[in-house]
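Student: Please take me closely through one part of this structure: how a chosen pair of helices packs, and what surrounds them. Keep the cut-offs explicit.

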Amino acid sequence: MPSAALERAKFLVWLAAIVAASWLSDAAWLAAGLGLVLLAAGRAVFRLTRRALLATLAFTGTVSLTYAAWFWWQQDALPLDWLVTVNLRVLLMALLTFLFIERTNLFLALGFSRRLSFLLVLAVSQSLALRRTLDEFRQGLDSRALVRVGLRDRYRAAARAAGWLFDRALANAHESARAMQSRGMFR
Amino acid sequence: MHIPDGFIAPQMYLPLYGAAAGLWAVGARRIARDLDETTLPWLAALTAAAFALSFIALPLPGGTSAHVTGVGLLAACFGIWQAFMALSLVFAIQALLFGDGGVTTLPLNALAMGFAGALAARGVFLSTRRVGQTPALFLAGWIGLFLPAVLIALALGAQPLIAANEAGTPRYFPFGWSVTLPALLIPHALLGLGEGALTVLGGRAIERLRERYRND
C-alpha cells in the first residue's frame with residue numbers, strides 16, 4: 001500500500017526531473033537521461049515508449065518534417081543537431097510523464113489538500129463516465145444511418161450531446177452535493 | 001492543446017506558471033470562497049463536462065471533424081472564472097493522468113484558452129447580447145477559439161527569439177511568427193465558425209435546461 005508521503009515525494013521528483021529535462025539542450029545529456037528513464041521503466045519499457053511516441057508523434061513529427069524540409073530548402077542540409085536534441089528532449093519528457101503516471105497515485109500525491117483530492121476524484125470519475133457515453137452517442141448515430149449523415153444533422157447531434165452533457169453534469173453535481181451533505185464531508 | 005513537453009522554453013513556461021498561479025489563486029478565491037458540499041461538486045461536474053466536451057466532434061464540411069474547445073460556451077453560460085478554473089483542471093487532468101498535452105504547456109493553455117479566451121468570449125457575449133442571443137453566442141464561440149489561437153501562435157513564434165544557441169539555431173520550437181501566425185490563424189478563423197454554430201446550439205440547450213431546473 002503506497003503511503004501519501006512517498007507518492008508526494010515521487011510527484012516532487014518527477015516535477016524536478018521535468019524542469020531539469022526542459023533546460024537540457026545537449027544531446028549527450030538528453031541521451032543519458034533517456035537511458036536512465038528506460039532503465040527505470042523496467043518491464044514496462046516497450047509499452048511506455050509506445051505510449052510516449054503515440055502521444056507526441058503527430059505534433060513532433062509534423063514540426064520535425066516541416067523544419068527539416070524548410071532547412072534543406074534554405075541551406076541544402078538537414079538540421080541534424082536540432083532534430084536530435086528536440087526529439088530526444090520530447091521523448092525523454094513524455095517518458096518521464098508516462099512513467100510517473102504508471103508508478104504514482106496522483107490522488108494520494110495531492111492528498112495534502114482534502115478538498116483538492118475530492119475535486120480530483122469527482123472530476124476524473126465523472127469525466128471518464130461522460131466520455132464513455134459520448135462515444136456511445138457517436139456510435140449510435142453512425143449505426144442508425146444508412147447513408148453518410150449530413151452536416152446539419154451532425155451539428156444537431158453534437159449540440160444534443162453537449163446539452164445532454166451539461167444536463168448530466170448538473171444532475172451529478174446535485175447528487176454529489178447531497179451525498180457529501182449526508183456524510184458530513186465539510187463539517 | 002496537444003503541444004507536447006519540450007517545445008516551450010523554460011524561460012517562457014516558468015514565468016507563465018507564475019502568472020497562472022496568481023490567477024488560479026484569485027479564481028479559487030472567487031469561486032471557492034465557499035468551497036463546500038454544493039460548490040465543490042458543481043466545479044467537479046463543470047470540469048468533467050468541459051473535459052468530455054473536447055470529445056464531441058465539431059462537424060466540418062466533407063465528413064471530417066475537429067474537436068470542440070467549449071471555451072465560448074462555458075464562458076457565456078457560466079462565467080469567466082468558472083470557465084477558467086474548469087478548463088485549467090481539464091488541462092491538468094489531461095497532462096497528469098492521460099499524458100495528453102504537456103505539463104510545461106499547461107500554463108500557456110490555461111492562460112490562452114482558459115483565461116484570455118474565456119474573458120474575450122464573456123466580454124463579447126455580454127456586449128452583443130442586446131443584438132440577440134444567437135449572434136452573441138456565435139461570436140462568443142468564435143472569439144473563444146480564435147483569440148487563444150492568436151496567443152498560442154505568438155508564444156510558439158517567440159521561441160526562436162528567447163532560446164537560441166550562439167549560431168542562432170533555435171533550441172525549442174523552430175518557427176517564427178511569419179510561420180506560426182498564418183499556420184494557426186487561417187484554419188482557426190474557419191474552425192471558429194463551426195465552434196460558433198455549436199456554441200449557439202449548446203447555449204440554447206443549456207438555457208432550456210436552466211428553465212427546466214427552475215421550474216422543477
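Tutor: What follows starts with the chain, goes to the helix pair, and then moves outwards.

This is a predicted model, in which local features need pLDDT of at least 70, side-chain atom pairs count only at pLDDT 80 or more, and totals for chains, interfaces and linings use all residues. Residues are numbered from 1 along each chain as its sequence is written, while chains are lettered from A and ligands numbered from 1 in the order in which they are written.

Take chain B as the frame. It has seven helices and two strands. Helices here are DSSP runs of H or I with at least four residues, strands are runs of E with at least two, and both are numbered from the N terminus. Along the sequence the pattern reads α-α-β-β-α-α-α-α-α. Of the 216 residues in chain B, 59% are buried. Buried means 20 or more other C-beta atoms within 10 Å of the residue's own, exposed means 12 or fewer, and partly exposed lies in between, with C-beta atoms placed from the backbone. Among contacts in chain B between residues at least 6 apart in sequence, 71% join residues at least 24 apart. A contact needs C-beta atoms, placed from the backbone, within 7 Å.

Now the pair itself. Two packed helices are described by the angle between their axes and the distance between the axes. For α5(B) (residues 106-128) and α6(B) (residues 133-162), the axes come within 8 Å and cross at roughly 150 degrees. Each axis is a line fitted to C-alpha atoms over the stretch in contact, and angles run from 0 to 180 degrees between N-to-C directions. The two helices are therefore roughly antiparallel. That label applies over 145 degrees; under 35 is roughly parallel, 65 to 115 roughly perpendicular, and the rest oblique. The crossing of α5(B) past α6(B) is right-handed. Right-handed means that the near helix is turned clockwise from the far one by less than a right angle; anticlockwise gives left-handed.

Which residues meet? On α5(B) they include A112(B), M113(B), A116(B), A120(B) and F125(B). On α6(B) they include L137(B), A140(B), I143(B), L147(B) and L151(B). By class, this contact has 20 nonpolar, three polar and no charged residues. The nonpolar set is Ala, Val, Leu, Ile, Met, Phe, Trp, Tyr, Cys and Pro; Asp, Glu, Lys and Arg are charged; the others, Gly among them, are polar.

Zoom in on L137(B). It sits in helix α6 of chain B. L137(B) counts as buried, with 30 C-beta neighbours inside 10 Å. Not counting residues up to four places away in sequence, L137(B) touches A76(B), F125(B), T199(B), V200(B) and G203(B). T180(B), by contrast, lies 43 residues away in sequence and 28 Å away in space, C-alpha to C-alpha.

A76(B) leads to the next helix. The axes of α3(B) (residues 71-78) and α5(B) come within 8 Å and cross at roughly 55 degrees. That makes α3(B) oblique to α5(B). This crossing is right-handed too. From α3(B) come V71(B), G72(B), L74(B), A75(B) and A76(B). From α5(B) come M113(B), G117(B), A118(B), A121(B), R122(B) and F125(B). The classes are eight nonpolar, two polar and one charged.

A further residue touches α5(B) territory: S88(B), found in helix α4 of chain B. S88(B) counts as buried, with 24 C-beta neighbours inside 10 Å. Leaving aside neighbours within four places in sequence, S88(B) is in contact with W24(B), A110(B) and G114(B). C77(B) is 11 residues from S88(B) in sequence and 17 Å away, C-alpha to C-alpha.

Last, the side of chain B that faces its partner. The contact takes 51 residues from chain B and 55 from chain A. In chain B, α2 (39-53), β1 (57-59), α4 (80-97) and α7 (177-215) each supply at least two residues. α2(B) gives the most, with 13 residues. By class, this side of chain B has 36 nonpolar, 10 polar and five charged residues.

Definitions and conventions: Contact = placed C-beta atoms within 7 Å.
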